[in-house]
Amino acid sequence: MTHMKTLQSHKKTIASTVGLTGKPRYNPVKAEPHTPPYKIHKYFARRPWNVFNQLVNNFSTQGETILDPFCGGGVTVYEGVKQGRKVIGCDLNPLSIFVVKNMVKRVGDLEVLLNAFDLTEEYLKSLYEGFDFFTQGKENIKIEWSEVAFVVECLYCKKEIILSNENKVKNGVYKCCNAKCESNKSAKGGVEPRLCKRIGTKHLYNIGHNSKGKKVVSIFDKTSENQTKKHLEFLRGEIKRKKIKVPQDKIPLNWDRQFEDQLAKKGILNFQDLFTEQNLLINLLLLNFIQSLKEKIGQSEYELLRIAFSNIVKDNNIMSFTNDTWQSGKPTTWSKHAYWIPSQFCEVNIEDVFRKSKQRVISAINFNREFDFVSKEVNKTKDLEKEGNILLWNKSVVDLDLPNNSVDAIITDPPYGSNVQYLELSHFWYPWNRDLYHVEPDFKLEAVSNRKKNFDGAKSMHDYEENLYKVFKKSYDALKPDRHMVLTFNNKNISAWLALLFSIFRAGFTLEKDGIYFQDGVKNYKQTAHTKYEGSPYGDYIYVFKKTSNKLVTKTYTNQESFWTDLNSLFTTHFQTLDNNRDDLIKKMFLDAIPVIESFSKTFLLKNKHELYATLKKDYFDHLYD
Ligand SMILES: C[S@@+](CC[C@H](N)C(=O)[O-])C[C@H]1O[C@@H](n2cnc3c(N)ncnc32)[C@H](O)[C@@H]1O
Ligand SMILES: [Zn+2]
């Protein structure tokens, strides 16, 4: 009862807190799904646009300059420009800048673009002509996708085991089709494919809809097999005729995602191995065709075609799969922040996904027109003062020529510790877009930590803090005095949380009074596998920091011991008093813990951090989220 009161009065304080511009600092809203510009291309962990729209509104005024040093999928950039701000967006990731550039792009000639789309679709159609149907009765039904499964050699009897959904006993265990095989009598009730040799794949079904709109599943028979064989021969012939080299880009072995996803063990050595041969060849031919249009159309139209292409490779690779309860049984993909390869997957028809991708680009263009979205990109901060309103920088803000005290607000969403390996995951697109990227991704500077620590170049929480620090220090210097840095963050791992706060306080920021808010996530996005998998709470905390001249450090810690004792007592007090609302609990804990964390991060800097992170790792949050 008593703590309910505390929470209510706490909420009241928040509502009445006013920011620099006279508007409330933040009022949690119902997070809305992405608008069309965000849908032209996938990016990992995009935040809700209307949350950032409000942050832009409440922390800056018309004509002011906003910096987002981790601009990712472009929410701050897009919502900032949409509301008449000048925005500087930085990101190490070439995919990020490629995507954001196209979200804000003004198409030169829509007619030319639509025409180029038509030509591309016609060409794509010609690559399927005669090979993209199966027959049922008298009807020819277009193949929307085929279900395909990996095949392994049984560890016990050496016969083939098809890793189909049908043969699955439970997660990681499949039954051997050989009735006499002793594996079926074993304690596990089957064979573990991870212990077996992978020997190939097998097509199982073709799927389409008949003229009455009914879903038809047809067994992949001899006729289908022959048809696919002929199709492949035709595609190989086209590749040869056009002198296209099938690239082989190795997936690095010393990647966090390699350890987590075991790609090499599954025989996936190159990024190209993430496609069936059919889809790989069609993608290569399609890309080659689009590249041949380059000289005939303008640069902006060309890049929009390329973004439409780039977005389809995420749909037509072997990471897509069906699940009766998801997406009404249609193929889905990239449902985790991982290179997650299902044992039974889909070979998706590329015509369908390209058509949808084209529609997304056109919807974005229409949306931008409707809202009179005016963008003018410049390359130098100087030019931003006069003519332009967007500067996109494909490097760390540290390398940007950005004068001190020149930025009015920093609005950002920093990387989340070890939750998302942005560069490793985005590298999937590298083979498809390399001619458009202007820089090589700089893995070294990326602010992440790795889950696995035992490989060459693995990053610790400490590296995460250091890389964040570099960015926040430069951002701090660039910010005008008494202005704000607002950011969203959430993490189940307390050491990631502290690393972030340490790096911010070390850079010189202080937390605004009552400067923590909780913003719930988008309902529809809550049930995605990765949020469940990572155990992260839904939604985000919003932190409001300030570049303030009168810094108050209330206490100076002389050893780690006393810091640890203080933090401990704070957390244990809250654990006992508030136990039914974890989000408010965490908010409260952090509000109270902030002075402790702030003074610790300033007095201790780097010393003792390794030990601290190691100790903190699992102590507090894990059991909270059980
Ligand atoms: C959480 S994401 C931003 C997402 C974005 N707010 C959105 O809604 O799409 C963090 C971004 O930081 C980038 N990043 C990581 N370390 C960086 C660094 N040192 N400098 C610049 N960008 C970095 C990653 O590539 C990633 O795009
Ligand atoms: Zn067997």
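Here's a quick tour of a zinc site and the internal cavities in this predicted model.

Start with the metal. The zinc ion (ligand 2) is held by four cysteine sulfurs, the SG atoms of Cys-154, Cys-157, Cys-176 and Cys-181, at 2.3 to 2.4 Å. Angles between the donor atoms run from 100 to 116°, so the arrangement is tetrahedral. Along the chain, the donors are spaced as C-x2-C-x18-C-x4-C. One pair of them, Cys-157 and Cys-181, links distant parts of the chain: Cys-157 sits in the loop between β5 (145-153) and β6 (160-162), and Cys-181, 24 residues apart from it, in the loop between β8 (173-174) and β9 (197-209). Cys-157 is partly exposed at 24% relative accessible area, while Cys-181 is buried at 2%.

Now for the empty space. There are five cavities of 30 Å³ or more. Here is how the linings of two of them break down:

| Cavity | Nonpolar | Polar | Charged |
|---|---|---|---|
| Largest cavity | 18 residues | six residues | eight residues |
| Second largest cavity | five residues | ten residues | two residues |

The largest cavity comes to about 390 Å³. Its lining takes in 32 residues, with Phe-70, Cys-71, Gly-72, Asp-91 and Pro-415 closest to the centre. Helices α3 (75-82), α12 (422-426) and α14 (461-478) each supply at least two lining residues, and α14 gives the most, with three.

The second largest cavity has a volume of about 170 Å³. It is lined by 17 residues, and those closest to its centre are Phe-131, Ile-143, Ser-146, Gln-278 and Glu-347. Here β9, α6 (222-241), α8 (277-293) and β11 (344-348) each supply at least two residues, with α6 giving the most, at four.

Methods
Residues numbered from 1 in each chain as written. Chains lettered and ligands numbered in written order. Predicted model: local features only at pLDDT ≥ 70, side-chain atom pairs only at ≥ 80, totals over all residues. Heavy atoms only, no water. Donors = N, O, S within 2.8 Å, 3.2 Å for Na, K, Ca; no water. Tetrahedral: all angles 85-135°; square planar, octahedral: opposite > 155°, others 65-115°. Buried < 20%, exposed > 50% of the residue type's maximum accessible area, 1.4 Å probe, protein only. 1 Å grid on protein atoms, 1.4 Å probe; cavity = no way out; pocket = protein on both sides within 12 Å on 5 of 7 lines; lining within 4 Å. Points joined across faces, edges and corners; volume = space filled by probe spheres on them. Nonpolar A, V, L, I, M, F, W, Y, C, P; charged D, E, K, R; others polar.
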